[in-house]
Amino acid sequence: MKLHNSEGPPCRHMENMLKSTAEGTAGTVAKWYATTHAKGCTRCQCFLNEQVAKQEEAVEVAPTK
Ligand SMILES: [Zn+2]
C-alpha cells in the first residue's frame, strides 16, 4: 500500500538519523529530533516506518539462542 504523497526518499539530512532511530542506536536528542521531524514530514515518516518494520522483521528472523 502506498500513499500518494509519501513516495520518494526521505530528507537527505534525516536519513541516517531515521535509520539509527529505527535501529535503536540513536541518542535521546537524535531520536526526539527524528520522530518530531517525521510527524510533520510524510516522506520521513514513511521511511521511518519502513525502517522500523525492517528491524522487527530482522528480530523475528534472527535465531534465538
Ligand atoms: Zn523529512
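**Exercise 1. The nonpolar core**

Find which residues make up the largest nonpolar core of this predicted model, and which helices supply them.

*Solution.* Start by listing the members: Met 14, Met 17, Leu 18, Ala 22, Ala 34, Ala 38, Cys 44, Phe 47 and Leu 48, a set of 9 residues. Next, place them on the helices. At least two residues of this core come from each of α1 (15-23), α2 (28-40) and α3 (42-61). As background, nonpolar side chains in soluble globular proteins tend to be buried together.

**Exercise 2. How α1 meets α3**

Describe the crossing of α1 and α3, then work out which residues make the contact.

*Solution.* Take the geometry to begin with: the two axes come within 8 Å and cross at roughly 35°, and the crossing is right-handed. Now turn to the residues. From α1, the contact uses Leu 18, Lys 19, Thr 21, Ala 22 and Glu 23, while α3 brings Cys 44, Phe 47, Leu 48, Gln 51, Val 52 and Gln 55. Sorted by class, this contact has 6 nonpolar, 3 polar and 2 charged residues. Finally, zoom in on Ala 22: beyond its neighbours within four places in sequence, Ala 22 touches Leu 48, Gln 51, Val 52 and Gln 55.

**Exercise 3. Classifying Thr 35**

Decide whether Thr 35 counts as buried, exposed or partly exposed.

*Solution.* First, locate Thr 35: this residue lies in helix α2. Then use the neighbour count. Buried needs 20 or more other C-beta atoms within 10 Å, and exposed needs 12 or fewer. Thr 35 has 16 such neighbours, so Thr 35 counts as partly exposed. To finish, look along the chain: Met 17 is 18 residues away from Thr 35, and their C-alpha atoms are 9.5 Å apart.

Methods
Residues numbered from 1 in each chain as written. Predicted model: local features only at pLDDT ≥ 70, side-chain atom pairs only at ≥ 80, totals over all residues. Core = buried A, V, L, I, M, F, W, Y, C linked by C-beta atoms within 7 Å. Helix = DSSP H or I, 4+ residues; strand = E, 2+ residues; numbered from the N terminus. Contact = placed C-beta atoms within 7 Å. Axes fitted to C-alpha atoms, helices over the stretch in contact; angles between N-to-C directions. Left-handed = near helix turned anticlockwise from the far one by under 90°. Nonpolar A, V, L, I, M, F, W, Y, C, P; charged D, E, K, R; others polar.
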